[in-house]
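Work through the exercises below with the sequence and the model open beside you. Try each task before you read its solution.

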Amino acid sequence: MLSIDLGGRNTKAVFLQRKGNGLALSNYALLDAPIYEKDPSVDLLTEHFQAVAQTLDVKTKLVALALGVNESIVRHVEMPQMPPDDMRLVLKNNARMYLQQDLPDYVFDVSVMSRPREAAGGKQAASQKNKILVAGAKRELMSNLQAAAKNVGWVMDHIIPGLIAPVSAFEMAMPQEFAGEVVGLVDIGFKNSTICLLRGGELIMSRVVAIGGDKLTSGLAEAMNISYAEAEDIKIGMPTEVQSNLEPLIIPLGRELRASVDFFEHQQERTVGQVYVCGGASRSEFILQILKQELMMDCRTWNPATSLQLDLPSQKAAELEQVASQLTVAVGTALTAL
């Protein structure tokens, strides 16, 4: 399975293969993402997919793709008991009732997260509702992605919201923590950061925060009167002299994440014990320290490839530790598809 994470700045791609009873990471790549203002055209996507195919040079036609938070929506809703096909039809015809916004020409999918408990006699009250995870994206974008994949000779097997991909990767990489603890998964992306809050392996809440690595880098460049490229380099390496400039940029992100955790803990009456962070900016120990202070709990990075066999070229195997956190969405998307 070839999996592609269409990020805001970089596209991340991984190639997973079944090896014996497990899965092997056989290749990966990071490429500059295509630049576009509205939905990307079929021609632009075709050109970009061809670049991915040429870079990885893998023999597969099955592709899974993750959409960013600006190209997809994820909502937790309650809906009456009905078949999934009927749920999709209801959302198509009356999105505002359940999603609080009109979404014309969107394609929706649903996953039943939990069902109401049976009452005495083994029956469920008709008024009881299911907890549903809804995902949606523009129909035109979905068509463009599928057409571009076909142009390259691929079969688009899955398209999923990138927001939920870290959950799949975390389940495989850290199964005990996934199943037995209350944890937060934070993905610091380019334009946005996401937080998913899990309880006993169930995704209870998710939120998008409009602060990402780009805002940190831009703010650092402005504060120090240096170029964007220079700021990006020192943001991760973190010489001591830039910490005072970066800290006020990170604190708002930490506070937004803390607000999400507080809301979750109040609603669920459970305490979040650990936060796991991924994304390019998570490579900075200083950024993790500031998040830890604001969240008032331990924050640590994790490797989404822990559960995978490594069947990589020597150079990429040596570089994997440095880039693994950036591959989380791509790995999670592949695992979801497989």
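**Exercise 1. Decide whether the radius of gyration of the protein chain agrees with that of a compact globule.**

Step one is the expected value: the radius of gyration is taken over C-alpha atoms, and the globule rule is 2.2 Å times the number of residues to the power 0.38. With 338 residues, this rule gives a radius near 20 Å, and the protein chain has 20 Å, so the two agree. Step two is to note what kind of model this is: it is predicted, local features need pLDDT of at least 70, side-chain atom pairs count only at pLDDT 80 or more, and totals for chains, interfaces and linings use all residues. Residues are numbered from 1 along each chain as its sequence is written, and side-chain values use heavy atoms, with hydrogens and water left out.

Step three adds the outline, since the C-alpha atoms fill a box of roughly 65 × 50 × 45 Å along the principal axes. The secondary structure comes to twelve helices and 14 strands, where helices (H or I, at least four residues) and strands (E, at least two) are DSSP runs numbered from the N terminus. Step four looks at cover and contacts: buried residues, meaning those under 20% relative accessible area (exposed is over 50%, partly exposed in between, with a 1.4 Å probe and protein chains only), make up 48% of the 338 residues. Of the contacts (heavy atoms within 4.5 Å) with a separation of 6 or more, 65% are between residues 24 or more positions apart.

**Exercise 2. Describe the largest pocket: what is its volume, and which residues are closest to its centre?**

Begin with the term: on a 1 Å grid over the protein atoms alone, a cavity is a set of points where a 1.4 Å probe fits but cannot get out, whereas a pocket is an open set with protein on both sides within 12 Å along at least five of seven lines, and lining residues have an atom within 4 Å of a point. Grid points are joined across faces, edges and corners, and a volume is the space filled by probe spheres set on the points.

The volume of the largest pocket is about 1100 Å³. Of the 49 residues that line the largest pocket, the closest to its centre are Gly7, Gly8, Arg9, Phe190 and Lys191. Several elements give two or more residues to this lining, among them β1 (2–6), β9 (182–188) and α12 (328–337), and α8 gives the most, with four residues. To finish, sort the lining by class: Ala, Val, Leu, Ile, Met, Phe, Trp, Tyr, Cys and Pro count as nonpolar, Asp, Glu, Lys and Arg as charged, and the others, Gly among them, as polar. The result is 16 nonpolar, 18 polar and 15 charged residues.

**Exercise 3. Find how many cavities of 30 Å³ or more there are, and name the residues that line the largest cavity.**

The count comes to one cavity of 30 Å³ or more, and the largest cavity has a volume of about 30 Å³. Its lining is made by Leu6, Tyr36, Pro40, Leu67, Gly68, Glu71 and Leu141, which by class are five nonpolar, one polar and one charged.

**Exercise 4. Follow helix α10 to the residue after it: which residues of α10 are buried, and is Met296 buried or exposed?**

In α10 (residues 285–295), the buried residues are Phe286, Ile287, Leu288, Ile290, Leu291, Glu294 and Leu295. Their cover includes β9, α7, α8, α9 (243–268), β12 (274–278) and β13 (299–301). Next comes Met296, in the loop between α10 and β13, and with a relative accessible area of 63% Met296 is exposed. Most residues other than glycine have a negative phi. Met296, however, has a positive phi near 60 degrees.

**Exercise 5. Compare the surroundings of Thr328 and Ser325: which residues does each touch, not counting residues up to four places away in sequence?**

Thr328 is placed in helix α12 and, at 1% relative accessibility, counts as buried. Thr328 touches Pro166, Ala169, Cys278, Trp302 and Pro304. Ser325 lies in the loop between α11 (314–323) and α12, and Ser325 is buried as well, with a relative accessible area of 9%. Ser325 touches Cys278, Gly279, Ser282 and Arg283, so that Cys278 appears in both lists.
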